[in-house]
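Reader: I should be grateful for a close look at a single part of this protein, followed by an account of how the surroundings of that part fit into the whole chain. Please keep to what can be read from the coordinates.

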Amino acid sequence: MRLRFTGTIWYWRGPAPFHFVSVPAAEAAMIAEVATVVTYGWGMIPASVTIGRTTVTTSLWPKDGGYVVPVKKALQDAEGLGVDDEVELTLDIDA
């Protein structure tokens, strides 16, 4: 499954800080349809994310009935990204 969408990078200051992009509702619903087949537990969905010319592997996190995409430090550094940047991203999920 390949999904493309635009979102804004936001910061979560939990026990371990992370940067995320929220998956829009329509795309989250498509992911939910295959979640039981692809999850490795706790609702985590393995995926690769591409922003600009950089692709990294990650896992989507379930949050508030949808999903969020972690924007890893390597991706932030490679593409010069930060909080509040609007990005176009591609998610690839093996379903």
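**A buried glutamine and its setting**

Author: In this predicted model, Gln76 counts as buried because its relative accessible area is 11%, which falls under the 20% limit for a buried residue. The residue belongs to helix α2, which covers residues 73-79. A polar atom of the Gln76 side chain lies 2.7 Å from the backbone oxygen of Val71. Val71 appears again in the list of contacts: once neighbours within four places in sequence are left aside, Gln76 is in contact with His19, Val71 and Leu81.

The chain around this helix can be described next. The protein chain has 2 helices and 7 strands, and along the sequence these follow the pattern β-β-β-α-β-β-β-α-β. The radius of gyration is 12 Å, which agrees with the value near 12 Å for a compact globule of 95 residues. Along the principal axes, the C-alpha atoms fill a box of roughly 35 × 30 × 20 Å. Of the 95 residues, 42% are buried, and Gln76 is one of the buried residues. Among contacts between residues at least 6 apart in sequence, 59% join residues at least 24 apart.

Several buried residues elsewhere in the chain illustrate such contacts. Val38 is located in helix α1, residues 25-38, and is buried with a relative accessible area of 11%. Its C-alpha atom is 7.2 Å from that of Asp94, although 56 residues separate Val38 and Asp94 in sequence. Asp94 is also in contact with Val38, as are Ile45, Pro46, Ile93 and Ala95, when neighbours within four places are set aside.

Ile45, one of those partners of Val38, is part of strand β4. Its relative accessible area is 0%, so Ile45 is buried. Beyond four places in sequence, Ile45 touches Ile31, Ala35, Val38, Thr39, Thr58, Ser59, Leu60, Tyr67 and Ile93. Ile93 therefore appears as a partner of both Val38 and Ile45. With respect to helix α2, Ile45 and Ala78 are 33 residues apart in sequence, and their C-alpha atoms are 23 Å apart in space.

Strand β4 spans residues 45-51 and also holds Thr50. The side chain of Thr50 makes a polar contact of 2.6 Å with the side chain of Thr55. Apart from residues up to four places away in sequence, Thr50 touches Thr55, Glu88, Leu89 and Thr90. The strand that includes Glu88, Leu89 and Thr90 is β7, at 86-92.

Val56 lies in strand β5, residues 54-63, and counts as buried at 14% relative accessibility. Leaving out residues up to four places away, Val56 touches Ala47, Ser48, Val49, Lys72 and Leu75. Leu75 is a residue of helix α2, the helix that also contains Gln76. Val56 thus has a partner in the helix under discussion. By contrast, the C-alpha atoms of Val56 and Leu3, 53 residues apart along the chain, are separated by 15 Å.

Two exposed residues in loops complete the picture. Most residues other than glycine have a negative phi. Trp42, however, is not a glycine and has a positive phi of about 55°. Trp42 is placed in the loop between α1 and β4, and is exposed with a relative accessible area of 76%. Asp84 likewise has a positive phi, here about 75°, without being a glycine. The loop that holds Asp84 runs between α2 and β7, and Asp84 counts as exposed at 60% relative accessibility.

As for the surface as a whole, the accessible surface of the protein chain comes to about 5400 Å², of which 53% belongs to carbon and sulfur atoms. The chain has 7 positive and 11 negative charges, and the mean positions of the two sets are 6 Å apart.

To return to the part in question, Gln76 is a buried residue of helix α2. Its side chain places a polar atom 2.7 Å from the backbone oxygen of Val71, and its contacts beyond four places in sequence are with His19, Val71 and Leu81.

Key. Residues numbered from 1 in each chain as written. Predicted model: local features only at pLDDT ≥ 70, side-chain atom pairs only at ≥ 80, totals over all residues. Heavy atoms only, no water. Helix = DSSP H or I, 4+ residues; strand = E, 2+ residues; numbered from the N terminus. Buried < 20%, exposed > 50% of the residue type's maximum accessible area, 1.4 Å probe, protein only. Polar contact = N/O pair within 3.5 Å; in protein donor to acceptor, adjacent residues only side chain to side chain. Contact = heavy atoms within 4.5 Å. Rg over C-alpha atoms; globule rule 2.2 N^0.38 Å. Areas by Shrake-Rupley, 256 points an atom, 1.4 Å probe, with all protein chains shown as cover. Lys, Arg positive; Asp, Glu negative; His and termini not counted. Charge placed at Lys NZ, Arg CZ, Asp CG, Glu CD.
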